[in-house]
Amino acid sequence: MDPRSRPYRSVLYIPGSKERALEKARSLPVDAIIFDLEDAVAPDAKEEARRTLRTELDAGGYGKRARIVRVNGLETAWGAADIEAIRGADIDALLLPKVDDPAQLDAAADALGADVPIWAMMETPRGVLNAQAIAAHPRLGGFVAGTNDLAKELGCAMRADRLPMLQALQHMLMAARAEGKVCVDGVFNHFRDEDGLRAECEQGRDMGFDGKTLIHPAQVATANAVFAPGAEEIDLARRQIAAFRDAEARGEGVAVLDGRIVENLHVETARRMLAKAEAIAALAH
Ligand code: COA
Ligand code: MG
């Protein structure tokens, strides 16, 4: 299946140790969940979190939400046991943190055994520089921008306009798109700042990200709204498709709509947008 055919507007992190949040997620209108065993879980809570998460995954009830589990890296003391704990569970992807090169995906694939897609956090300078080779790995399903770690590694500021990390974000997007993979934007830390979140979602959407990773349920509605095609866009897409069909019937290869040209490539974009709107509607949340 094309990894980009399902929506990833809202991708909520949930600490694998928080039973209450794991339960709440079953009713939240998120497109995907990242069940976290890495940074959201303290070292002395790792073992308990593995057990809690496995029990909740086996209990199910997450509906059409994509289930992604973020483990600790295999180079840490916890990674191998994390993968062992979720081996055979019904999940949509394994998310590896701090991926620097494609060999780390081979190691995770071996440990996992099953044919589950592997996603990679893009959050180290080396990882971003190797993004193309990582994206081309046959098991790679998608990238998640790890903007907090990236800012730490680069030594850059977390500015509202994100200028200091735009190049890294664009680079990982370009690599993902070159290989037809999903690419989800990083988190917005101020989870009570609705306007700030909206602005950052809009920036990510305009750059081309499929959606945004989130840390709190209060952020879900904004991400869902910003990353969904709007009514005007859907209307324009339909009119572009119709205008081009009429032009073709007249033996012309270019149509004009609202004073702008419509070529075959615009029709492809319009069709993709309509397919995305349909996929969102099919989630029924
Ligand atoms: N997923 C699902 N439910 C969540 C949630 C999440 N990420 N964060 C909070 N909730 C739930 C809480 O359990 C609480 O549910 P309740 O009303 O049934 O009790 C409700 O939402 C309100 O939570 P609130 O009190 O506002 O937040 P908090 O102070 O409990 O937690 C954070 C704040 C930031 C610690 C918490 O949101 C969190 O742990 N987020 C994820 C962090 C993470 O995973 N980081 C790693 C990647 S950057
Ligand atoms: Mg990180």
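These legends describe close-up views of a predicted model.

**View 1. The magnesium site has two protein donors, Glu123 and Asp149.**
The ion is ligand 2. Glu123 donates through OE and Asp149 through OD, at 2.0 to 2.2 Å. The two donors come from distant parts of the chain, 26 residues apart. Glu123 sits in the loop between strand S5 (118-122) and helix H5 (125-129). Asp149 belongs to helix H7 (residues 147-154). Both side chains can be set against the accessibility values. Glu123 has a relative accessibility of 2% and therefore counts as buried. Asp149 has a relative accessible area of 13%, so it is buried too, the limit being under 20%.

**View 2. Ligand 1 is surrounded by 16 residues.**
The closest are Tyr13, Arg20, Arg192, Ile215 and His216. By class, the shell has 9 nonpolar, 1 polar and 6 charged residues. Strand S1 (10-15) and helix H1 (19-24) each supply at least two residues of this shell. S1 gives the most, with 4 residues.

**View 3. Side chains of Lys18, Arg192 and His216 approach oxygen atoms of ligand 1.**
For Lys18, a polar side-chain atom lies 3.0 Å from a ligand oxygen. For Arg192, the distance from a side-chain N or O atom to a ligand oxygen is 2.8 Å. For His216, the corresponding value is 2.7 Å. Taken alone, ligand 1 exposes 900 Å², and the protein buries 65% of that area.

**View 4. Helix H7 has four buried residues, one of them the magnesium donor Asp149.**
The others are Thr147, Leu150 and Ala151. What covers them? The cover for the buried residues of H7 includes H5, strand S6 (140-145) and helix H8 (166-178). A glycine, Gly155, follows the helix. The phi of Gly155 is positive, near 75°.

**View 5. Arg162 has a positive phi and a side-chain partner in Gln203.**
Arg162 is found in the loop between H7 and H8. Its phi is about 55°, although Arg162 is not a glycine. Most residues other than glycine have a negative phi. Is Arg162 buried or exposed? With 5% relative accessibility, Arg162 counts as buried. Gln203 lies in helix H9 (residues 194-207). The side chains of Gln203 and Arg162 make a polar contact at 2.7 Å. Beyond neighbours within four places in sequence, Gln203 is in contact with Asp161, Arg162 and Leu166.

**View 6. Lys98 is a non-glycine residue with a positive phi.**
The angle is about 45°. Lys98 lies in the loop between strand S4 (93-96) and helix H4 (103-112). How much of Lys98 is accessible? The relative accessible area of Lys98 is 27%, so this residue is partly exposed.

**View 7. Val262 is buried in strand S10.**
The strand spans residues 260-262. The relative accessible area of Val262 is 1%. Which residues does Val262 touch, not counting those up to four places away in sequence? They are Gln240, Phe244, Val254, Ala255, Leu257 and Val267. For scale, take Leu169 as a reference point. Val262 and Leu169 are 93 residues apart in sequence. Their C-alpha atoms are 30 Å apart in space.

**View 8. Glu179 lies in the loop between H8 and strand S7 (182-185).**
At a relative accessible area of 34%, Glu179 is partly exposed. Leaving aside neighbours within four places in sequence, Glu179 is in contact with Ala135 and Ala136. Gly142 serves as a second reference point. Glu179 and Gly142 are separated by 37 residues in sequence. In space they are 9.7 Å apart, C-alpha to C-alpha.

Conventions: Residues are numbered from 1 along each chain as its sequence is written. Chains are lettered from A and ligands numbered from 1 in the order in which they are written. This is a predicted model: local features need pLDDT of at least 70, side-chain atom pairs count only at pLDDT 80 or more; totals for chains, interfaces and linings use all residues. Side-chain values use heavy atoms; hydrogens and water are left out. Donors are N, O and S atoms within 2.8 Å of the metal (3.2 Å for Na, K and Ca); water is not among the atoms, so sites may look incomplete. Buried means under 20% relative accessible area, exposed over 50%, partly exposed in between (1.4 Å probe, protein chains only). A residue is near a molecule or strand if one of its heavy atoms lies within 4 Å of it. A polar contact is a pair of N or O atoms within 3.5 Å; within protein, one must be able to donate a hydrogen and the other to accept it, and residues adjacent in sequence count only if both atoms are side-chain atoms. Accessible areas come from the Shrake-Rupley method with a 1.4 Å probe; for residues, only the protein chains shown count as cover. Ala, Val, Leu, Ile, Met, Phe, Trp, Tyr, Cys and Pro count as nonpolar, Asp, Glu, Lys and Arg as charged, and the others, Gly among them, as polar. Contact means heavy atoms within 4.5 Å.
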